[in-house]
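Please open the model in your viewer and keep the selection tool at hand. The stops below go from the interior to the surface.

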Amino acid sequence: VTAVNAIPIPGGSRVVQVPRTLDQSAVMSSQGNWLPKSAPDTSRELLVALDLVKKQRTSPDQRDQAYRCWIQSLAAWGVLEDLPLDAQGTLQVTAPFCHDFFEAPHLLPFLASQILDRGRARRIQVQGCDVRPQDFWWAAWEKWTEHEFSGRISLHLRQQDLVQEPQPSAGLILAAHPEVTNGGPWLPILRHVLSSRSAKGRLVFATFYRQEAEACVQICQAQHVMAEIRENPFYAGRPAD
């Protein structure tokens with residue numbers, strides 16, 4: 001289990017408005033494929049997701065750049081090596097307290113290149129949850145994932161209270177910004193997150209501040225799980241704000 005410090009959460013404090021009007025005569029997918037107006041999967045959610053993905057990739061802001069640096073660092077640190085698969089050769093990935101899951105356009109292509117393209121798994125199944133449903137964006141990212149990866153990666157996002165029950169077992173868990181220093185329900189939530197890690201699986205807690213990372217480590221140690229803190233290189237030498 002790795003507790004990681006100083007990692008941005010895409011959309012954590014950013015408001016992304018849903019466009020009221022879109023040019024539906026044609027739309028380009030994030031992989032550069034033009035879709036005609038009559039394409040059967042050009043739902044409003046998919047169109048909005050494609051538009052946001054294009055903006056993130058052509059004009060990434062600081063959070064986008066920092067998130068890319070973080071996931072690249074996970075690969076450099078060996079987090080993605082020898083991850084356990086299920087009986088069908090699928091890598092199970094979970095994203096607890098995922099909120100809008102705005103990291104999808106960065107994370108999923110990265111996992112495809114690092115895991116699928118290198119023959120480390122046959123498929124990737126990603127399951128995210130949050131106690132507060134985000135109906136529009138969850139539907140948008142699920143449709144975008146189906147459109148982009150044609151079944152190689154599947155995405156399912158649902159409402160779930162992690163105080164009551166854990167997510168399914170996973171070989172890779174990416175837990176973005178647990179608010180552990182706020183107390184309340186976070187101790188049982190993190191206990192359930194820890195219990196859902198499959199044998200030899202890896203869990204990354206992504207936090208904004210050092211004290212949050214240290215709190216995650218303390219909870220891990222209380223559950224007899226080893227943990228370490230690593231800083232996102234994007235923020236190395238920068239003052240915390």
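What follows is a tour of a predicted model, with a selection to make at each stop.

Begin with Phe101, Leu108, Ile124, Trp141 and Trp144, which are the residues with the most contacts inside the largest nonpolar core, a set of 43 residues. Then select residues 104-116, which form helix H3, the element that gives the most to this core, with 8 residues. Apart from this core lies another one, of 19 residues, and you can locate it by selecting Leu162, Trp186, Ala215 and Val225, which are among its members.

Next, turn to the empty space inside the protein: how many cavities of 30 Å³ or more does a search of the whole structure find? The search finds 1, and the volume of the largest cavity is about 60 Å³. To display its lining, select Tyr67, Trp70, Ala95, Phe101, Glu103, Leu107, Leu174 and Ala176; by class, this lining comprises 7 nonpolar residues, no polar ones and 1 charged residue. At least two lining residues come from helix H2 (62-76), and at least two from strand E7 (170-176).

The last two stops concern backbone angles. Select Asp82, in the loop between H2 and strand E4 (90-95), where phi is near 55°, a positive value in a residue other than glycine. Asp82 counts as exposed because its relative accessibility, 69%, lies over the 50% cut-off. Finally, move to Lys200 in strand E8 (residues 197-206), whose phi, near 70°, is likewise a positive value in a residue other than glycine; with a relative accessibility of 75%, Lys200 counts as exposed.

Key. Residues are numbered from 1 along each chain as its sequence is written. This is a predicted model: local features need pLDDT of at least 70, side-chain atom pairs count only at pLDDT 80 or more; totals for chains, interfaces and linings use all residues. Side-chain values use heavy atoms; hydrogens and water are left out. A nonpolar core is a set of buried Ala, Val, Leu, Ile, Met, Phe, Trp, Tyr and Cys residues joined through side-chain atoms within 4.5 Å. Buried means under 20% relative accessible area, exposed over 50%, partly exposed in between (1.4 Å probe, protein chains only). Helices (H or I, at least four residues) and strands (E, at least two) are DSSP runs, numbered from the N terminus. On a 1 Å grid over the protein atoms alone, a cavity is a set of points where a 1.4 Å probe fits but cannot get out, and a pocket is an open set with protein on both sides within 12 Å along at least five of seven lines; lining residues have an atom within 4 Å of a point. Grid points are joined across faces, edges and corners, and a volume is the space filled by probe spheres set on the points. Ala, Val, Leu, Ile, Met, Phe, Trp, Tyr, Cys and Pro count as nonpolar, Asp, Glu, Lys and Arg as charged, and the others, Gly among them, as polar.
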